Amino acid sequence: LQSFHKALDAGGGHAIFQYVLANHCQEVVNIDHNEENLRGVPFVQQMHRSGLNITTRVGDLGNIPYPDDYFDRVFCISVLEHIRLGKLAAVNEMVRVLKPGGILLLSTDICADKDYQPKPDEEVISQREASELLAMLGLTAQQDSRGLVVGEVEGRPTLVLLIKYVKPIKEESEMISLKFNPTDKIIELGGGSAPLVRPNVDVRM
C-alpha cells in the first residue's frame, strides 16, 4: 500500500480492517449492503477528526457507485460467501472499479466436498462457483500441498480460497489512439476530431 492509494473495503461492515487501510491510504471506502453494520462502526467520526479518510456507504456490491478504474486496491475479505445471489456480478464490479495494474485481494470459504451444493442459508460457496469465479478472472487454482481443512460451516469441512488478481494494463493497440495535427492544433481521438485548441501541446508518439 502507498500513501496515495485509494482503497475499497468491499462489505467491510464494522470490522477494524478499514482503519488499518486508512492508516496507509489516501482514501478508504467501505461499502456494505447492511446499514446496521455501518451504524455499528464505532469510531468513524473519531477517525475523521484524526485525519483518516474513511467513507462508509450503504450499497450493493453488484452495483458499486464509483466510476471505472477508480481504486488502486480492492479488498473483499470473507464477504462473498454471504452474498446469496450475484456473486460473480459483485466480483465483476470490483474489477470494473479497479485501476489497470491495481490489485484485488479476495478471500472466501468454499466447501471441501467438490460434489456438495450448499443450501441457500449456508455461508459457503461450492467448488463449482469457485471454479466459475477463477475462470472469470482468468486464474487457476493451486491447492495447498498439505490439503488442510481450515474450518467448518454447519458441521461441513471448508477450505479458504485466497485470490490475488492484478488487473491487466491495456496493450497499446487496445488504447484510444491519440493523434496531433500541428497545423490546426486539433487533437484527434480514435479517428474522430474535436476542435480543441492547444497552442503549446507537445505529444510524443
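The legends below describe close-up views of a predicted model.

**View 1. Strand β2 and its burial within the predicted model.** Strand β2 spans residues 27-32, and since six of its six residues are buried, the strand is largely enclosed by the rest of the structure. The burial applies to both faces of β2, with Glu27, Val29 and Ile31 on one side and Val28, Asn30 and Asp32 on the other. Charged and polar side chains are thus part of the picture, because Asp and Glu count as charged and Asn falls among the polar residues, and Glu27, Asn30 and Asp32 of β2 are all buried.

**View 2. The pairing of β2 with β1 and with β3.** Strands β1 and β2 run parallel and are joined by five bridges, and within this pairing Leu8 stands opposite Val29 of β2. Between these two strands the chain passes through helix α1, residues 17-22, in a β-α-β crossover that is right-handed. Strand β2 also runs parallel to β3, residues 54-58, and five bridges join this pair. Here Asn30 has Thr56 of β3 as its bridge partner, while the side to which Asn30 belongs in β2 is shared with Val28 and Asp32.

**View 3. Helix α1 and the approach of Ala22 to Ile54.** Ala22 is placed in helix α1, the helix through which the chain crosses from β1 to β2. With a relative accessibility of 6%, Ala22 counts as buried, because it falls under the 20% limit. Although Ala22 and Ile54 are 32 residues apart in sequence, their C-alpha atoms are 6.6 Å apart in space.

**View 4. Strand β5 and its partner β4.** Strand β5 covers residues 98-111, and ten of these 14 residues are buried, so the strand is largely enclosed by the rest of the structure. It is joined by six bridges to β4, residues 71-77, and the two strands run parallel. One of the pairings in this view places Phe71 opposite its bridge partner in β5, Leu98. The connection from β4 to β5 leads through helix α4, and this β-α-β crossover is right-handed.

**View 5. Two residues with positive phi beside β4.** Most residues other than glycine have a negative phi. Asp69 is not a glycine, yet its phi is positive, at about 55°; this residue lies in the loop between β3 and β4. At 33% relative accessibility, Asp69 counts as partly exposed. Ser78, also not a glycine, has a positive phi of about 55° and lies in the loop between β4 and α4. Its relative accessibility of 36% means that Ser78 counts as partly exposed.

**View 6. The second largest pocket and its lining.** The second largest pocket has a volume of about 460 Å³ and is lined by 24 residues. Those that lie nearest its centre are Gly11, Asp32, His33, Leu61 and Val79, and Asp32 is also one of the buried residues of β2. Strand β1, residues 6-10, and helix α4, residues 87-96, each supply at least two residues of the lining. By residue character the lining divides into ten nonpolar, eleven polar and three charged residues.

**View 7. Gly86 in the loop between β4 and α4.** Gly86 has its place in the loop between β4 and α4, and at 39% relative accessibility this glycine counts as partly exposed. Gly86 and Gly62 are 24 residues apart in sequence, whereas the distance from C-alpha to C-alpha is 6.8 Å.

**View 8. Gln2 in the segment before β1.** Gln2 is found in the segment that precedes β1 and, with a relative accessibility of 42%, counts as partly exposed. A separation of 71 residues in sequence lies between Gln2 and Arg73, while their C-alpha atoms are 10.0 Å apart in space.

**View 9. Cysteines Cys25 and Cys111.** A disulfide is a covalent bond between the sulfur atoms of two cysteines. With the requirement that two cysteine sulfur atoms be within 2.5 Å, the count in this model comes to zero disulfides. Cys25 is buried, with a relative accessible area of 9%, and Cys111 is likewise buried, with a relative accessible area of 0%.

Technical notes. Residues numbered from 1 in each chain as written. Predicted model: local features only at pLDDT ≥ 70, side-chain atom pairs only at ≥ 80, totals over all residues. Heavy atoms only, no water. 1 Å grid on protein atoms, 1.4 Å probe; cavity = no way out; pocket = protein on both sides within 12 Å on 5 of 7 lines; lining within 4 Å. Points joined across faces, edges and corners; volume = space filled by probe spheres on them. Helix = DSSP H or I, 4+ residues; strand = E, 2+ residues; numbered from the N terminus. Buried < 20%, exposed > 50% of the residue type's maximum accessible area, 1.4 Å probe, protein only. Pairing = 2+ DSSP bridges. Right-handed = clockwise from strand over helix to strand, strands pointing away.
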